[in-house]
Amino acid sequence: MASHSDTLVVFFGATAGANGAKLGSDEREIILLVWQIVDLHEKKVGKLQRRLVKPDTLELTDQSKEDTGLSVDELCKAEPLDKVLQQFQQSVSAEVKALGRSSYRLCVDGPLIIRQALHPEASKKNLVLPECFYSFVDVRKEFHKCCPNAGPVQDLTLPAMLEYVCIPELPLSEQVTGVKEVRSMVQLSLHILADPYNHTFSCFEAVKVKFESGACSKTEPVDSETVIRARGLPWQSSDQDIARFFKGLNIAKGGVALCLNAQGRRNGEALVRFINQEHRDLALERHKHHMGSRYVEVYKATGEEFLKIAGGTSNEVAQFLSKENQVIIRMRGLPFTASPQDVLTFLGPESPVTDATEGLLFVKYPDGRPTGDAFVLFSCEEYAQNALKKHKQILGKRYIELFRSTAAEVQQVNVQSPLQSSKYCLQCRFFSTCSNLGLQHAVPMGRPSGDAFIQMKSADRAFMVAQKCHKKMMKDRYVEVFQCSTEEMSFVLMGGTLNRSGLSPPPCKLPCLSPPAYAAFPSPALLSEAALYQSPLLSASRTPQPTHSPHPAPTLAYYPPQHHPAQLYMNMNMNYTAYYPSPPVSPSTVGYFAAPPGSVASALAAQQPHAGSPMMPQHGALVRMQGLPYNAGVKDILGFFQGYQLQPDAILVLYNLSGQRSGEALVTFPSEETARRAVAERSNHPLSGHPVRLLVCCD
């Protein structure tokens, strides 16, 4: 499209749902298109064209029927959108050529028909729009340049603008929806082209054809009025998928940041940065629009939140991401000994990596050891697709998983948070069993193994304690104390070993491993810091308490907020390949402690809770709450379920491994019938503006 056009195509559209200021906000399809050509040189107009459009869903809202005057019977006889767009292009091109003109540009009354209706619908239907729909002028902004005293652009309407310049209303014969709007825009355009305004249309707005990936520096200023948070995204969605969801709106370069949880897994959220506040505000109108079968929630966010996710400082990562317009693929499950050449050979000549080994970035632990993850750059979609075909093929003795990734994910995974990299945990190896040591603060999780972990307040504190207590005696046994990180602790809890020689991974099981199951299994215990400083009175042996059940219930630890420096971690039957930053298809439950299966919940209810510990109540049916505000507490949830006679101890707010609320909670109702009634009556009701999803977790 030329930078200057000699013809305007005044354009109008209406949908089967909301129109006017809410056009496109309800995802309803376009049912009407109207247009007319204006010759900017000769100040002449062409023939007005009006086309009905047959939607895939033949259904009109009452408001749409009133606004457009159309019926379902009329639309049944119309052509679908792709055919009407072909007719538009053929008609306009022929008429422009007949006028002896070389180019044209669309003119609309506000951007909604282009940005919020046409582009999103075309994207969902996989239609390729003509080039003219990627550039337009807004008659309101052009009018505001001529008449700045008429009021703010966002408050201008066609009747108000016509009245301001004393243009009379159209005759009744032209009061048909679409015809009226196009005729009014044509009159207004001709008026400001003439004396005394002699206006030149120059405020050309563009719709980006493709999202541009790129890196973001933590020092880069980000306007908070341009950022949104999207929640409920499919786990497999990439930055390009999110850009497609917001098709028609211009996302800033590198402006999609997929959020990861404490384990590096995608949590179904993303922060998106737009080029300006206008586009951000339009994005908010897509709240609860659908991506596939899932609806996506859209909320305001801040520039600080965006930088926390998307900002990076690593020189190696910055150099890797400096190659622009690349497709990024993430590999997971690589052998720890895999070399760059091994990866290139695995991918093969049909999927060449950009700049060979320079297009590979291996993810490493803070001490330099490989994690089994790597990011790969490809110069085009074809090469990336060829690489993805090797998903779950074997390299060495391991199957390799490949997934689409983003620049922000590369930065998040390679610039780990202090929780993942700081060594503020201790591993204690007792050359005896915990039950014989009489440790008051030990929390056994299955059969005692003689190992335990302690989480300290800081890495300095962990170092001091390790130096002081290593190989000291406890009763008649000596204890080895090693400083370690949270990631190393999690690694051991999943079956690996940690000693002075480093980490040894658990055996890899082929073929594909199933998602983690949420049941307890024999593992080390987690001790409090005070356990290393017990007085002799506390180190006396204790008589094991008899169990009254022939089948003792497994012990399952949740992760509640605690004021004590020791915090409990849940043991899960997880394989090592599921541990470090995982693919987009990770289960939604990873990263926080979700509702256990019914059998485990029953086992929990059978346990006697310790004083002050928020264990599950003994009877009833579980309901899982999702989408809670992160500051929601027990009182808020009690208020949400007002009338159901719940007690505070029936509510368990869930926390992730970083100690932050996960946005979920478990609520125990007195019966399954009551639980199902609560779900039916309260699901998707708002709590502090957040719609809350409810799921029954009964057997």
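Guide: Helices, of at least four residues, and strands, of at least two, are DSSP runs numbered from the N terminus. The model here is predicted.

Visitor: In which loop is Ala356 found?
Guide: Look for the elements on either side of Ala356. One is helix H12, residues 340-347. The other is strand E16, residues 360-364. Ala356 is therefore in the loop between H12 and E16.

Visitor: What is phi of Ala356 near?
Guide: Ala356 is a residue other than glycine. Still, its phi is positive. The value is near 55°.

Visitor: Is Ala356 buried, partly exposed or exposed?
Guide: Buried means under 20% relative accessible area, and exposed means over 50%. Ala356 has a relative accessibility of 38%. That value falls in between, so Ala356 counts as partly exposed.

Visitor: Which residue in the loop between strand E2 and strand E3 has a positive phi?
Guide: Strand E2 covers 30-39 and strand E3 covers 44-45. The residue in question is not a glycine, yet its phi is about 60°. It is partly exposed, with a relative accessible area of 40%. It is Lys43.

Visitor: Where is the peptide bond with omega near 5°?
Guide: This bond is cis. Its proline lies in the loop between H7 and strand E7, residues 204-206. The bond runs from Asp195 to Pro196.

Visitor: Which side chain of opposite charge is nearest to Glu181?
Guide: Glu181 lies in helix H7, residues 179-193. Glu181 is buried and has no salt bridge. A salt bridge needs the nitrogen and oxygen within 4 Å, and the nearest opposite charge is 4.3 Å away, so the pair does not count. That nearest side chain is Lys180.

Visitor: Which residues does Glu181 touch?
Guide: Leave out residues up to four places away in sequence. The contacts of Glu181 are then Phe12, Leu158 and Val176.

Visitor: How many salt bridges does a search of the whole structure find?
Guide: Side chains of opposite charge can pair when their charged atoms come close. The search covers the whole structure. The count is 28.

Visitor: How far apart in the chain are Lys141 and Glu205?
Guide: These two form a salt bridge, with the closest N and O atoms 2.9 Å apart. The pair links distant parts of the chain: Lys141 is in helix H5, residues 139-146, and Glu205 is in strand E7. The separation is 64 residues.

Visitor: Lys141 or Glu205: which one is buried?
Guide: Buried means under 20% relative accessible area. Lys141 has 23%, so Lys141 is partly exposed. The other partner has 10%. The buried one is Glu205.

Visitor: Which residue of helix H9 meets Lys141 in a salt bridge?
Guide: The N to O distance of this bridge is 3.2 Å. This pair too links distant parts of the chain, 137 residues apart, from H5 to H9, residues 277-284. The partner in H9 counts as partly exposed at 29% relative accessibility. The residue is Glu278.

Visitor: What is the relative accessible area of the residue that forms a salt bridge with Asp281?
Guide: Asp281 forms a salt bridge with Arg280, the closest N and O atoms being 2.9 Å apart. Asp281 counts as partly exposed at 30% relative accessibility. Arg280 is buried, with a relative accessible area of 2%.

Visitor: Which residues do salt bridges with shared partners join into one network?
Guide: In a network, bridges share partners. The residues joined here are Glu29, Asp56, Glu121 and Lys125.

Visitor: How many residues of strand E17 are buried?
Guide: Strand E17 runs over residues 370-378, nine residues. The strand is mostly covered. The buried count is eight.

Visitor: Which residue of E17 stands opposite Ile328?
Guide: Strand E15, residues 327-332, pairs with E17 in the antiparallel sense over six bridges. Ile328 faces its partner in E17. That partner is Leu377.

Visitor: And which residue of E17 stands opposite Leu361?
Guide: E16 and E17 also pair in the antiparallel sense, over four bridges. Opposite Leu361 in E17 stands Phe375.

Visitor: Which residues does Ser351 touch?
Guide: Ser351 lies in the loop between H12 and E16. At 1% relative accessibility, Ser351 counts as buried. Leave out residues up to four places away in sequence, and its contacts are Phe378, Tyr383, Asn386, Ala387 and Lys390.

Key: Residues numbered from 1 in each chain as written. Predicted model: local features only at pLDDT ≥ 70, side-chain atom pairs only at ≥ 80, totals over all residues. Heavy atoms only, no water. Buried < 20%, exposed > 50% of the residue type's maximum accessible area, 1.4 Å probe, protein only. Lys, Arg positive; Asp, Glu negative; His and termini not counted. Contact = heavy atoms within 4.5 Å. Pairing = 2+ DSSP bridges.
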